[in-house]
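Here's a quick look at how the parts of one chain meet, and at what sits around its ligand. Have the viewer open while you read.

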Amino acid sequence: MKIFSADQIYKADKSTIEKEQISSDMLMERAATRLFEWIHTRLQGAQVNIQLFCGIGNNGGDGIVLARHLQEHGYNIQVHVVNYSEKRSKDFLLNLERLKDRKIWPDFINEDSSFPLISPEDIVVDAIFGIGLSRPLDQWVANLIGHINASRAFVLSVDIPSGLPMDRPPVSEVIEANHVLSFQVPKLVFFLPQTGIYIDQWEILDIGLDTEFLTHEEVGYELIGPPDVLPLYRPRNKFSHKGTYGHAVIIGGSYGKIGAVQLASNACLTVGSGLVTAFVPKCGYHSLQTALPEIMVLTDDDDENIEQITIPFVPNAIGIGVGMGTSEDTAKAFGAFLKKQENPVVIDADGLNLLAKHQELLKSVPAQSILTPHPKELERLIGKWDNDFDKLEKTKKFSSKNDCVVVIKGAHSITIYKDKGYVNSSGNPGMATAGSGDVLTGMITGLLSQGYEPLAACVFGVYLHGLAGDIAVHQYGYEALKASILVENIGRAYQELLRPPNRENSQES
Ligand SMILES: NC(=O)C1=CN([C@@H]2O[C@H](COP(=O)(O)OP(=O)(O)OC[C@H]3O[C@@H](n4cnc5c(N)ncnc54)[C@H](O)[C@@H]3O)[C@@H](O)[C@H]2O)[C@H](O)CC1
Ligand SMILES: [K+]
């Protein structure tokens, strides 16, 4: 699903209004009707106290229209206009008049007003600022937002939590939303660590914006869910054999860190690679052969570290770096190995640390190779960033310059290739555990080995990895989720992804 910028959303509005020959207030009416339906379906007329805080722009206008619908259906409402500017929008004013025509008199909150009492049992509708927020809040507006946050009432934000800009981190208070009803499209800020903290749940409300515009407009980011990954799936052929799905090699490990290779190799095989060989220092031989009978093991001459990488065949995919260490000898072996590679490789963990330490090696990394850093590893590679938006821009530049796919691991892992970012939607905090990244490296390598293109292997692999975590968490809970359990659930993740949509319902009936 595409993620649009504020400018693009305004363009989509304009295009809809022109094509459908409707007025802008009709679009506002449509948006607010969706809001009303969402609330009405859940509350069914319950006499809970609903306090609507409306700004003076179109986000506020949405809130004012919603208030009218709620009142018409017998809800218990209080409307507050947050009077932060004289420049009221046309549709806000129009709807304020309509509200007054129905004898609903909002109270106006100004700089000198005392704030209304909000009980924890109330519902707050946050329609103060939408995607138009463009400068820091006046102090009294920030205080009001702080007052709402302190109330412990359930807060429903219209379109985006007020105080959150669309394209940079906030500088003052932001509404802490329990639920955001986002018009038509998700916003990038929902998924970034610095801004996503203000959103508990979010949902899209379809307000019927021009589909032709939405389809054809180029975007910088996409949110990746099942409809996006399913077309990437490469079904198995009845007459295939293990050779069809490639021979992958996982290179890594050092004394005390052979487990990383075990996890990655196991994930690589489980995601479907035909054959898997692990290349480790000698000390890893017995444990790997015992733990994973399905994989083959090659060893370095050294007992504890990788010092020379020799693979006596041409693998279909290689993943390198997990648990590998960063000794000088390993760095040399890594450099010599990179120089010999012609096909994309997957580089993780100490492979990334070595690249960061010896940046001259970057030019030996084959085109379209995959780098899977967590934020610290990314920082070592691309330098410090000012904020999440800067981080993404810098990563895009790095990806373009070095022609590589970068998977920024995190709560919503983002795969970057050149000027485009793919934001993952699966996964959970239980996956923040030792070895989770090794499993991902193995999965991506295993997908490459089966013939997935590098970018597709990342987008698909990251989603499947998260889905395995989401399935596992039902059984184990967040704390007890371990990386090996993720591997055990890769098969179920495939099944879940490929399950026909109506199967669950028919089983229940
Ligand atoms: N397609 C859609 O999604 C639709 C969205 N709608 C709603 O419209 C808002 C966006 O409305 P807009 O009037 O452009 O912006 P805001 O309401 O967010 O802001 C109001 C106003 O305030 C000015 N401003 C910006 N920053 C500050 C500040 N710190 N202090 C004071 N004033 C500030 C700014 O210039 C704006 O003019 C969208 O989110 C949806 O809720 C439509 O109703 C339907 C279609
Ligand atoms: K809002």
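## Around the ligand

How many Å lie between an oxygen atom of ligand 1 and a polar backbone atom of Ile-131? The gap comes out at 3.0 Å. Keep in mind that this is a predicted model, so treat that figure as a computed one.

Ile-131 isn't alone in offering its backbone: a polar backbone atom of Asn-58 sits 2.9 Å from an oxygen atom of ligand 1. Asp-159 brings its side chain instead, with a polar atom 2.7 Å from a ligand oxygen. Zooming out, ligand 1 is surrounded by 23 residues. Asp-159 is listed with the closest of them, together with Tyr-10, Asp-13, Asp-62 and Gly-130.

## Two domains

The domain assignment splits the chain into domain 1, residues 2-219, and domain 2, residues 245-498. In the contact, 13 residues come from domain 1 and nine from domain 2. Measuring tape aside, the C-alpha centres of the two domains are 42 Å apart.

## What the interface is made of

Putting domain 1 and domain 2 together buries about 900 Å², and carbon and sulfur atoms account for 72% of that. On the domain 1 side, a trio stands out: Phe-191, Leu-192 and Gln-194 supply 48% of the area this domain buries against domain 2, more than any other three residues.

As for polar links, the interface has zero salt bridges by the rule used. One residue pair is in polar contact between the two domains, counting pairs with both residues at pLDDT 80 or more. Helix H6, residues 193-196, gives the most to the domain 1 face, with three residues. By type, that face divides into nine nonpolar, two polar and two charged residues.

Technical notes: Residues are numbered from 1 along each chain as its sequence is written. Chains are lettered from A and ligands numbered from 1 in the order in which they are written. This is a predicted model: local features need pLDDT of at least 70, side-chain atom pairs count only at pLDDT 80 or more; totals for chains, interfaces and linings use all residues. Side-chain values use heavy atoms; hydrogens and water are left out. Domain bounds come from an automatic or database domain assignment. Contact means heavy atoms within 4.5 Å. Buried area is the accessible area (1.4 Å probe) that two parts lose on being put together, summed over both. A salt bridge is a side-chain nitrogen of Lys or Arg within 4 Å of a carboxyl oxygen of Asp or Glu. A polar contact is a pair of N or O atoms within 3.5 Å; within protein, one must be able to donate a hydrogen and the other to accept it, and residues adjacent in sequence count only if both atoms are side-chain atoms. Helices (H or I, at least four residues) and strands (E, at least two) are DSSP runs, numbered from the N terminus. Ala, Val, Leu, Ile, Met, Phe, Trp, Tyr, Cys and Pro count as nonpolar, Asp, Glu, Lys and Arg as charged, and the others, Gly among them, as polar. A residue is near a molecule or strand if one of its heavy atoms lies within 4 Å of it.
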